[in-house]
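I opened a fresh page for this chain. I wanted to look up confidence, fold, cores and a few single residues.

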Amino acid sequence: MFQIRIICDAPDVDEITKRLSGIFDISDMSRRYPTRDAARVRVYLTAGHRQCLTLDHVPSGATVQDWPDAETAYKDAPTVLKEINNVLELSLQLGRPGGRTPAAEREQRLRKAALLDRIALDEVGTYAPDVAVNAVEGAEAAALALARADHEQGHRELPKDHEAVASYRGYVRQEYARWLTGQ
């Protein structure tokens, strides 16, 4: 836990607090004081590092889906280095004339999310949790981006309450395994 001090105009406090709560776990208790010249306010917030959404840390109200494990999903996948090259090539293809199609966008999004998931798995297996946190957060963000895009496009059987699922990394594994077998 740590404390954040903000000095700002009074009308900006709520927006600043809202944005900080997207990055940190912010306690509901804050203290507000006027600055010495009384023109602005000082706000003190108690914060902590945001916990990663993993199956070990499931927020109350979240559901856990029955998705395949990583070993099953990635058993026939190319090496991580090869997949990095493939994802980069797909990204370049999207920038070329005629290269941006819904199928190409989804494949790039799916393969990027799977790649980041595999990197995070390797980091967690190799390093301490505080060292691997960036890789895990990147994998979680890419997985959620894939799930949201698929949900918006009505793809597969994505749950309607997609915001309440603890982690979409399992969804990435499911979809990647389906994509690999469909090739």
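**Confidence**

I began with the weak spots. Over residues 159-164 pLDDT stays under 50, and the model has 13 contacts there beyond four places in sequence. I found another such stretch at residues 52-59, where pLDDT also stays under 50. For residues 52-59 the model has 14 contacts beyond four places in sequence. I keep in mind that this is a predicted model.

Next I took the chain as a whole. Its mean pLDDT is 81, and 80% of the residues score at least 70. Which element has the highest confidence, and which the lowest? Helix 3 is highest, at a mean of 94, and strand 2 (residues 24-34) is lowest, at 76.

**Layout**

I counted 6 helices and 3 strands. From the N terminus I read the order as β-α-β-β-α-α-α-α-α. The chain has 183 residues, and 35% of them count as buried. I looked at contacts with a separation of 6 or more: 62% of them join residues 24 or more positions apart. The accessible surface comes to about 11,500 Å², with 52% of it on carbon and sulfur atoms.

**Cores**

I then looked for nonpolar clusters. The largest nonpolar core holds 17 residues. Y74, Y168, Y171, V172 and Y176 have the most contacts inside it. Helix 2 (70-73), helix 4 (102-126), helix 5 (129-152) and helix 6 (169-181) each give this core at least two residues. I noted the general background: in soluble globular proteins, nonpolar side chains tend to be buried together.

I picked V172 for a closer look. What does V172 contact, leaving aside neighbours within four places in sequence? I listed Y74, L110, A113, A114, A143 and L146. Another core, of 10 residues, lies apart from the largest one. I4, C8, L20 and V43 are among its members.

**Helix 3**

Helix 3 covers residues 80-95, 16 in number. I read 23 Å from its first C-alpha to its last, close to the 22 Å expected. Its buried residues are E83, N86, V87, L90 and L94. Why do they sit on the same side of helix 3? They cover an arc of only 95° around the axis, which puts them there. The general rule I had in mind is that an α-helix has 3.6 residues a turn, so residues three or four places apart point the same way.

I turned to the face away from the buried side of helix 3. There I found the exposed residues L81, L88, L92 and G95. The buried residues of helix 3 pack against helix 4 and helix 6.

**Helix 4 and A104**

Helix 4 has 25 residues, and at 1.5 Å a residue they should span 36 Å. Its end C-alpha atoms are 36 Å apart, which agrees. Its buried residues include R106, L110, A113, D117 and A120. The buried residues of helix 4 pack against helix 3, helix 5 and helix 6.

A104 is in helix 4. Is A104 buried or exposed? I call A104 buried because its relative accessibility is 9%, and the cut-off for buried is under 20%. Not counting neighbours within four places in sequence, A104 is in contact with Q93, L94 and G99. The C-alpha atoms of A104 and L90 are 7.5 Å apart, with their positions 14 residues apart along the chain.

**Helix 6**

I ran the span check on helix 6 as well. Its 13 residues should span 18 Å at 1.5 Å a residue, and the end C-alpha atoms are 19 Å apart, which agrees. Its buried residues include R169, Y171, V172, Y176 and W179. The buried residues of helix 6 pack against helix 2, helix 3, helix 4 and helix 5.

**Two single residues**

A38 caught my eye. A38 has a positive phi of about 65° although it is not a glycine. As a general matter, most residues other than glycine have a negative phi. A38 lies in the loop between strand 2 and strand 3 (41-49). At 59% relative accessibility, A38 counts as exposed.

Last, I checked I16, in helix 1 (residues 13-21). I16 counts as partly exposed, at 29% relative accessibility. Which residues does I16 touch, not counting those up to four places away in sequence? I noted I6 and C8. I16 and I6 are 10 residues apart in sequence and 8.7 Å apart, C-alpha to C-alpha.

Key: Residues are numbered from 1 along each chain as its sequence is written. Side-chain values use heavy atoms; hydrogens and water are left out. A nonpolar core is a set of buried Ala, Val, Leu, Ile, Met, Phe, Trp, Tyr and Cys residues joined through side-chain atoms within 4.5 Å. Buried means under 20% relative accessible area, exposed over 50%, partly exposed in between (1.4 Å probe, protein chains only). Helices (H or I, at least four residues) and strands (E, at least two) are DSSP runs, numbered from the N terminus. Contact means heavy atoms within 4.5 Å. The expected span of a helix is 1.5 Å times one less than its number of residues. The arc is that of the directions from the helix axis to the C-beta atoms. Accessible areas come from the Shrake-Rupley method with a 1.4 Å probe; for residues, only the protein chains shown count as cover. pLDDT is the predictor's confidence in each residue, from 0 to 100.
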